[in-house]
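Here's a quick briefing to read alongside the model. Have the viewer open and follow along.

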Amino acid sequence: MPLLEWHDSLSVCIHNIDEQHHHLMKTINTLYDALYEDDSNTIICNTISKIQRSLTAHFHVEESLMEKYHYPEAPLHKSEHDAFTQKMNKLNINPEAYDTADPIDLINMFNHWLVNHMNVTDKSLGEHLVSCGAS
């Protein structure tokens with residue numbers, strides 16, 4: 001059973017953002033499986049790197065939409081992106097040195113971020129974008 005499952009209630013009503021959220025959830029589920037199936041550090045580190053790359057691209061898309069549609073909460077939203085990016089950058093993703101001693105913290109970090117950010121911050125952005133005619 002996956003850790004995270006997509007439900008329509010998670011939709012922000014912007015197709016591209018919803019697709020990215022869905023993809024991120026699938027990749028976090030892949031990381032969850034890798035950690036608990038005791039996969040190699042290389043697989044775990046590659047999956048973390050994939051999540052980092054996906055989030056960086058996702059943040060860029062959201063921030064571009066915020067600018068294009070003059071989102072009034074853009075500075076706060078972007079500061080959340082920046083803070084999480086800093087947190088991600090502190091992860092040691094070197095397969096030779098990576099320590100999976102506490103995989104629960106890692107999963108909780110991604111899970112908490114994605115679900116809370118989607119349900120609060122991104123929902124607000126989605127409402128603004130829809131009100132401006134974006135889809």
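Helices here are DSSP runs of H or I with at least four residues, and strands are E runs with at least two, numbered from the N terminus. On that basis, the elements of the chain run α-α-α-α from the N terminus on. Bear in mind that this is a predicted model.

**Overall build**

- The chain has 4 helices and 0 strands.
- Its radius of gyration is 15 Å, close to the 14 Å that the globule rule gives for 135 residues, so the chain is as compact as a globular protein of that length.
- If you want box dimensions, the C-alpha trace spans about 45 × 30 × 20 Å along its principal axes.
- Some 41% of the 135 residues count as buried, where the cut-off is under 20% relative accessible area.
- About 7500 Å² of the chain is exposed, and carbon and sulfur atoms supply 52% of that area.
- Take the contacts between residues at least 6 apart in sequence: 77% of them join residues at least 24 apart.

**Helix α3, side by side**

- Helix α3 covers residues 74-89, which makes 16 residues. From first C-alpha to last it reaches 22 Å, close to the 22 Å expected at 1.5 Å a residue.
- Which residues of α3 are buried? They are Ala 74, His 77, His 81, Phe 84 and Met 88.
- Those buried residues cover an arc of only 105° around the axis, so they sit on the same side of α3.
- Turn to the face away from that buried side and you'll find the exposed residues Pro 75, Leu 76, Gln 86 and Asn 89.

**The aromatic cluster**

- A search of the whole structure turns up 3 aromatic pairs.
- One of them is Phe 84 with Phe 110: the ring centres are 6.1 Å apart and the planes are at 70°, so this pair is edge-to-face.
- That pair links distant parts of the chain, with Phe 84 in helix α3 and Phe 110 in helix α4, 26 residues apart.
- Both partners are buried: Phe 84 has a relative accessible area of 4%, and Phe 110 has one of 1%.
- Phe 84 also pairs with Trp 113, and here the rings are stacked, at 4.4 Å centre to centre with 15° between the planes.
- Because Phe 84 lies in helix α3 and Trp 113 in helix α4, the stacked pair ties together parts that are 29 residues apart in sequence.
- Trp 113 counts as buried too, at 12% relative accessibility.
- Put together, Phe 59, Phe 84, Phe 110 and Trp 113 form one aromatic cluster.

**Positive phi values**

- As background, most residues other than glycine have a negative phi.
- Cys 13 goes the other way, with a positive phi near 70°. You'll find Cys 13 in the segment before α1 (15-36).
- Is Cys 13 buried or exposed? Cys 13 is exposed, with a relative accessible area of 52%.
- His 70 also has a positive phi, near 50°. This residue is in the loop between α2 (41-68) and α3.
- His 70 is exposed as well, at a relative accessible area of 66%.

**Long-range neighbours**

- Ser 11 belongs to the segment before α1 and is buried, with a relative accessible area of 16%.
- How far apart are the C-alpha atoms of Ser 11 and Lys 123? They are separated by 7.7 Å, although the two residues are 112 apart along the chain.
- Leaving out residues up to four places away in sequence, Ser 11 touches Trp 6, Asp 18 and Lys 123.
- Ile 104 is in helix α4 (residues 103-131). With a relative accessible area of 45%, Ile 104 is partly exposed.
- Ile 104 and Tyr 36 are 68 residues apart in sequence, and their C-alpha atoms are 9.4 Å apart in space.

Methods. Residues are numbered from 1 along each chain as its sequence is written. This is a predicted model: local features need pLDDT of at least 70, side-chain atom pairs count only at pLDDT 80 or more; totals for chains, interfaces and linings use all residues. Side-chain values use heavy atoms; hydrogens and water are left out. The expected span of a helix is 1.5 Å times one less than its number of residues. Buried means under 20% relative accessible area, exposed over 50%, partly exposed in between (1.4 Å probe, protein chains only). The arc is that of the directions from the helix axis to the C-beta atoms. The radius of gyration is taken over C-alpha atoms; the globule rule is 2.2 Å times the number of residues to the power 0.38. Contact means heavy atoms within 4.5 Å. Accessible areas come from the Shrake-Rupley method with a 1.4 Å probe; for residues, only the protein chains shown count as cover. Rings of Phe, Tyr and Trp (its six-membered ring) pair if their centres lie within 6.5 Å; planes under 30 degrees apart count as stacked, over 60 as edge-to-face and the rest as tilted.
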